[in-house]
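This report concerns how the chains of one model are arranged and how they touch. Please keep the sequence and the structure in view while reading.

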Protein chains: 4
Amino acid sequence: MVIVMAPGASSDTIDSIVDLVASVGGEAYVTRGVSRTIIGLVGDVQRFESLDLHALPGVADVLRISTPYKLVSRENTAQRSVVRVAGVPIGGDHMTLIAGPCAVETPEQTLEAALMARRAGASLLRGGAYKPRTSPYAFQGLGETGLKILADVRDETGLPIVTEVVDAADVELVASYADMLQIGTRNMQNFALLQAAGEAGKPVLLKRGMSATIEEWLMAAEYIAQRGNLDIVLCERGIRTFEKSTRNTLDISAVPVAQQLSHLPVIVDPSHSGGKRDLVLPLSRAAIAVGADGIIVDVHPAPETALCDGPQALTAADLDELAHLVNTLPPLVGRTLTPVPSAAPAGV
Amino acid sequence: MVIVMAPGASSDTIDSIVDLVASVGGEAYVTRGVSRTIIGLVGDVQRFESLDLHALPGVADVLRISTPYKLVSRENTAQRSVVRVAGVPIGGDHMTLIAGPCAVETPEQTLEAALMARRAGASLLRGGAYKPRTSPYAFQGLGETGLKILADVRDETGLPIVTEVVDAADVELVASYADMLQIGTRNMQNFALLQAAGEAGKPVLLKRGMSATIEEWLMAAEYIAQRGNLDIVLCERGIRTFEKSTRNTLDISAVPVAQQLSHLPVIVDPSHSGGKRDLVLPLSRAAIAVGADGIIVDVHPAPETALCDGPQALTAADLDELAHLVNTLPPLVGRTLTPVPSAAPAGV
Amino acid sequence: MVIVMAPGASSDTIDSIVDLVASVGGEAYVTRGVSRTIIGLVGDVQRFESLDLHALPGVADVLRISTPYKLVSRENTAQRSVVRVAGVPIGGDHMTLIAGPCAVETPEQTLEAALMARRAGASLLRGGAYKPRTSPYAFQGLGETGLKILADVRDETGLPIVTEVVDAADVELVASYADMLQIGTRNMQNFALLQAAGEAGKPVLLKRGMSATIEEWLMAAEYIAQRGNLDIVLCERGIRTFEKSTRNTLDISAVPVAQQLSHLPVIVDPSHSGGKRDLVLPLSRAAIAVGADGIIVDVHPAPETALCDGPQALTAADLDELAHLVNTLPPLVGRTLTPVPSAAPAGV
Amino acid sequence: MVIVMAPGASSDTIDSIVDLVASVGGEAYVTRGVSRTIIGLVGDVQRFESLDLHALPGVADVLRISTPYKLVSRENTAQRSVVRVAGVPIGGDHMTLIAGPCAVETPEQTLEAALMARRAGASLLRGGAYKPRTSPYAFQGLGETGLKILADVRDETGLPIVTEVVDAADVELVASYADMLQIGTRNMQNFALLQAAGEAGKPVLLKRGMSATIEEWLMAAEYIAQRGNLDIVLCERGIRTFEKSTRNTLDISAVPVAQQLSHLPVIVDPSHSGGKRDLVLPLSRAAIAVGADGIIVDVHPAPETALCDGPQALTAADLDELAHLVNTLPPLVGRTLTPVPSAAPAGV
C-alpha cells in the first residue's frame, strides 16, 4: 500500500502518518521526491484500511499495488518517468545516447573518447574509475584519480558524467564527482550498495544482473526507491545463456516488458551484451527500434590498447554510422534524440 | 574440404570423383544445387590434397573450410544466399513477411487469416497442419485435411505456403502440398527428419532449438544441406532463459551472428519468442532493424477461440501498424519488402 | 480422468466405454497393461461425471488426476512400479546396474565390454547401434549390423540389451533385436518416435532432454504410456547449464523429485552427465545414495580408440571399485543390487 | 607466479622481495598464513624469471601456476587443506556437519535450534543475523542483536558460530562475534566484501553464486586469499536452471570438480539448493557419498513460524535420520564425522 501525499505536505504531517502506521504494527517508508512525497506501507493491509488513511490531512491518494515492487511499479502511474541527469533528460519522448570509454585510463584517452561521444551525438559521458573485475589480478580502475579526470573532462566538454560505484563505502565520494551513479551487473543484489545509492542524492543507472529476472531487477530498483530516490534508469546489458558466440545475450524483449511493468526509463547497453564491435551498431538499431529510452555505448580512441573490454569499443571509424542511426531511427518510434549539451557550460 | 563443380559437370565426372575420394579412405557427399554441384569430403585432408583435385576435369574450385559446418558456412562464400519459395525470394536485399495462423483449424479461419496476411504485406502464408505439442492430450493438428485446406487457400490467395513437418515418414506427403517445409524447435536435432527434408526437393525453414547454440543450429542445417538441399532459411524463435515474463527470450544478436557465420538467410519469429500479442510489433521492429531477412508472424481472425497460441496472434486491429512497419523500416537497413504475389495465380 | 478396468474386462466392455465417452464429445485413450487396462479420458470433466462411470460393468475405479500427465503420475498410485527387461527388474527395492559401450564398434569390442559389465555387476548391457550425432560427418553407428552384434553378445553373456532408436521408422526393426528401447536426450520431444516406441511392445528407457524440465520429461513419458506401454524407465543424464567443466550438470535432485511425482523407476547416467572418467564413480555413489533405481555406465576395453565418448568410459582398472560401490551402497538406502543373470541362458 | 617463503622468513626479507618485483614493473601480493607466507606475483613472467627468485634468501619455492586463480589452485599443492573454525576442522578426512536456523529470530528459537544441531551431530552452528533479501520489505535480520544471541548460544552449547556478512562495512563488527564469516550467493562477486573478509582474521565460508561457474567461484575465493586469508571453505548451494520443482539445482558434480581444481574444502548446502524439507536428507546422502567435506543444514524448532525459509528446515522429527546418515555414510568414503564439541567450553 502506498500513500501519495499532496504537494507541499509538511514534515509534521508526514511524521504523524508514520507514527499512525507504526501504532497498528506496520512500517512506513517515506520517499521524498522533487514534486511530492510517497509513503510505502509494509504490514497488515486490513489494519491499514481501518485507519481511513484517505481522510487524513495532506493525503492526496492511497493506492494498493499488487506487484511485489511498489514504488517503481507502473500500476497506478499513468505516465512513464523522465529522469534528469544534470539537466539531461532520459525517458519520455527522448532517446538519449550515453557514450564513453569502458574505463578511465588517462586524461588524454578520456578527453578523446568524450569528444568522440559528442561527435556521435551523446549527451552524457560514461567512464569507469572503479571496475569490478572477475580476477583480483586485473586492472581495477584508477579510483579517485579517475573521478578527477572525469570531472575535468566534463568541464572541457560539457558532458555530465555517469560512473560506476562498487562499494557502499565509496558512494559518498563517487557521488561528489558524478552526475549519475552506475550500479553494475554483479552488484544488482548488493543491497547495502543499493540503499547507499538511494540516499546519495544523485540519479542511479541500475544494470540488470546477468542472470536476474526482470522482477528481481525491479526489486533491486525498489531498494533504491525505498530510500527516497526515484531517479532510477534501468539498463538491460545482456543475460547469461548457453550461446557462446556473444559474451551475453541481449534480452531485447526486456525493454518493452520492463516499460510495461515499471514507470522507470529503460536503456540498452549493446557493447557489453554482444561483447564484439561489429554487433554494436546492429544491436543499437534493434534497441532504438524496440523503443528503448536510450543506449549506452563504449567508444575508445585506441581500442587495441584499452585496459578493459577493448574488443567491444567503437572506434572513430564507426562514429558517423552511429550518429546517423541515433538521428534517423528515433523519429520512427516517436522519439527525438536528446541534444548534445553546449560544449562550454556556464561559468567555465 | 569442399569441391565446387563447374556448371554443367556431368554425373559421370562427379561419380569418378566420389570413387577417387573413396579410394583414399574418404567419404564424399554430393549436393546437387540448381546451378552447380558441391561435393563435401570427410576424411584425411592430407590424403585428399595428394589427389590434386584442382586439376580434375569439371572441378571449378576446391575449398578448405575450418568450421565444423561446411556447406552452410560463409567461409569462401562471398555472397549471402537468396532462397526462393515458389518464386518468392528470402534473403539478399529483401525483407520478407510470412504470416498466417499458428494452426489450420477450418477453411474459413485459414482463408481469413491468409487475407489478413496479404493485407499486412505478407508474401508467404504460414499455417500448421501437424502440431508438435508437449501434451499428448492437446490438439495435434488436422493432418492431411489441414494440408488440403492450405492448398485451397493458396489457390484463392496466391500465397505460397510454409507448413511444419514433424516426422520423417510424413515428409513426402507434406512436401506434396507445401511450398516450404518448416522444421520446428523441438525437432532441430531430429536428424532423421532433417535428412528426409534434405531430400524432399522443397526449401526448408529451420527453427532454432530452444536451447541450442548457434553452432548446433548450423550443424542441423548442415544435415539438410548434406542431402543436397541448400535452400534453407534459418529462423530465430527465442531461446529458453530464466526470464518468466516472456515465453522465450528472443536472441536478437543471433541474426547478425548467424549471418556472419553462414550464407543462409536468417528470419525472426517475434510471435513465438515473446508469446504475447503486445510484444509482437516491438520485436518485429527490432528484428527488421537488426537486419533480419524476414519475419514470420502469427495472425488469427479470432485469437480468443484459437486452438493453439491464441494469446500471441495479431488481430485485424494490429494489421495497419504491421503493414506500416514492414514498409517503412526495411529501407533504413538497405532492404525492400518482398512484394505480395498477385492474388489470382496464373491458370486459377 | 482415468478409468481403471477390473482384471479380465473384455474388449467389448472397453469398446462400449470408449463409445460412451465419445457420445459426450470426449476422447478415450485405452492402455492395455499386463494385468489391467486403463482408459485415459480427455474432454469435459463435468460431462464425464454425468455418465456415472463407476457404475458401469468392468470398471474397477475412476480417478481424477490433477497433474497434466495422467498415466505416469504417482497420484492415486500408491506403489512405485517395477519394470522388467527380459526378466531383469528395475525399480522397487532393486538397484540395477546397466553397463556397456557407448557405441557398438566391433563384435570383439562389444563382447569385451559386456564381460567388463558383468564383472562390475551389471544385469543389463547397453550399447548403441544408431547414434544421434550433432555433426553429419561424425560416426553414426553401425545400424542393423550393430544390432546383430548386440544379439550375439547377449547370447554369449546372458545380458539382455538396451539400445537406442532414433527414428520412428526404425522402431520395429530395433525392437526385433532389443530387450529395451532407449530414447535419447535429443529425441525426448520427438513425439512420433515416442508414440512408435509406445506401440512396440518393449520396455522403454527415456532419457531426459538436456534442457527439459521434469514436467516436460513426464509429459514425454505420457506420450509413450498413452499408446499402451507403461514399462517406462526414466533416466536423468545431466542438463545444460553455464558450467563448462562438466559436459552437462547432473541434476541429482531430479531423482527424488521424479520419484515423488511419478510411479516410474528413475535411473542415472553418470557417464554422459559428467563427460569425464574421473567423475563417473563419485557421481555413481551420489546417485545410489540419493535413491536412484539404477545407474547406466559406459565401459570400454580401450577408450582411447573409442568412436564415441571415449573420455567418459570406465576402463578395466575402474571395475573393481565400481563393483564394490554397487554392492555396498544400495543396502544403506534399503536396496539390493539386481543380480547378474546366469551367463548361459537356457537353450544356448 | 607464486613465491613460497621458508617458515620463519622475516618481514624485511619479504619486503625486499616485494621491492624487487616492483623494480621490474610487477606487483607482489603477500599472503601471511599461519605456517608460511606466500607471495603472488602479477606482471611479466619473463622479467620475473630474470630475477632468479629461487636464489633469494628466505625463498623455499617458486611456482608457476597456469590457472587464473593462483593461491587457491591445487596445482603445486599436493594436499587438500584443512580449515579450522575455533578448533573445529573442515577438510582432510573429516566430514563436518554445520546446522542451525536460517535466521536468528529469538534467543529461545536459536538455542533450541542449536540443541537440535548438536543432537544431529553438528560441530558448528549456523544462523543469520544479516539476511540479504530480494525484497526490501522482507525481514532483513536482527543485526547486532542477532550476533549477541548467537554468541550467548555459543556459550551455552559450545558450538562455534558461522554467520553471514553482507556489507564490507559490517565485516569488523560481525567478525568480532563470529567464528566463521559466511558470504552468500548474491555477494559472491561483491569484491569489496570479499577483500574485507580476507583481512578480517576469521575463516570464510564462500557460497557459490547462483549462476556462477566454478572458475568464477574460485576467482572469488582468490580475492579473499589475495588479502592474506587462505582459511576458505567453498559451499555449493545450488545453481539456477530451468527446473522449477526445486528452488535451485544442486550441482553435485561441483564437489569433485572443485576439489580437483582447488585445495580448499568443499561443502554442500542441501537445504537452500532443494528448498524443500523432503529433499534435504536425500541430497545430504548424495553430498556425503560424492565426497563433500561437510554439509550445512537448516534446522528449526517450529518451521511453520520461521521468518525465513521455513519450508526447507528440518524439524525435530528428522534429526534421528540425519544423525544416522552423518554417522554411517562418511566411513564409506574414507571419512569420519567431526565430533560435536563438548557442551561447556573451558571457562564457561
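## Symmetry of the copies

A turn of 180° and a shift of 0.0 Å along the axis lay chain A on chain C with an RMSD of 0.1 Å, where copies are superposed by least squares on the C-alpha atoms of residues with pLDDT of at least 70 in both. This is the relation of a two-fold axis. The C-alpha of chain A nearest that axis belongs to A:Phe242, at 3.2 Å from it.

Of the interface residues of chain A, 100% are also interface residues in chain C, so the copies meet through the same surface.

## Basis of the model

The model is predicted: local features need pLDDT of at least 70, side-chain atom pairs count only at pLDDT 80 or more, and totals for chains, interfaces and linings use all residues. Residues are numbered from 1 along each chain as its sequence is written, chains are lettered from A and ligands numbered from 1 in the order in which they are written, and side-chain values use heavy atoms, leaving out hydrogens and water.

## The interface of chains D and C

In chain D, 31 residues are in contact with 31 residues of chain C (heavy atoms within 4.5 Å). The two chains bury about 2500 Å² between them, 67% of it on carbon and sulfur atoms; buried area is the accessible area (1.4 Å probe) that two parts lose on being put together, summed over both.

Across this interface there are 2 salt bridges (a side-chain nitrogen of Lys or Arg within 4 Å of a carboxyl oxygen of Asp or Glu). The side chains of C:Arg208 and D:Glu243 form a salt bridge, at 3.1 Å from N to O.
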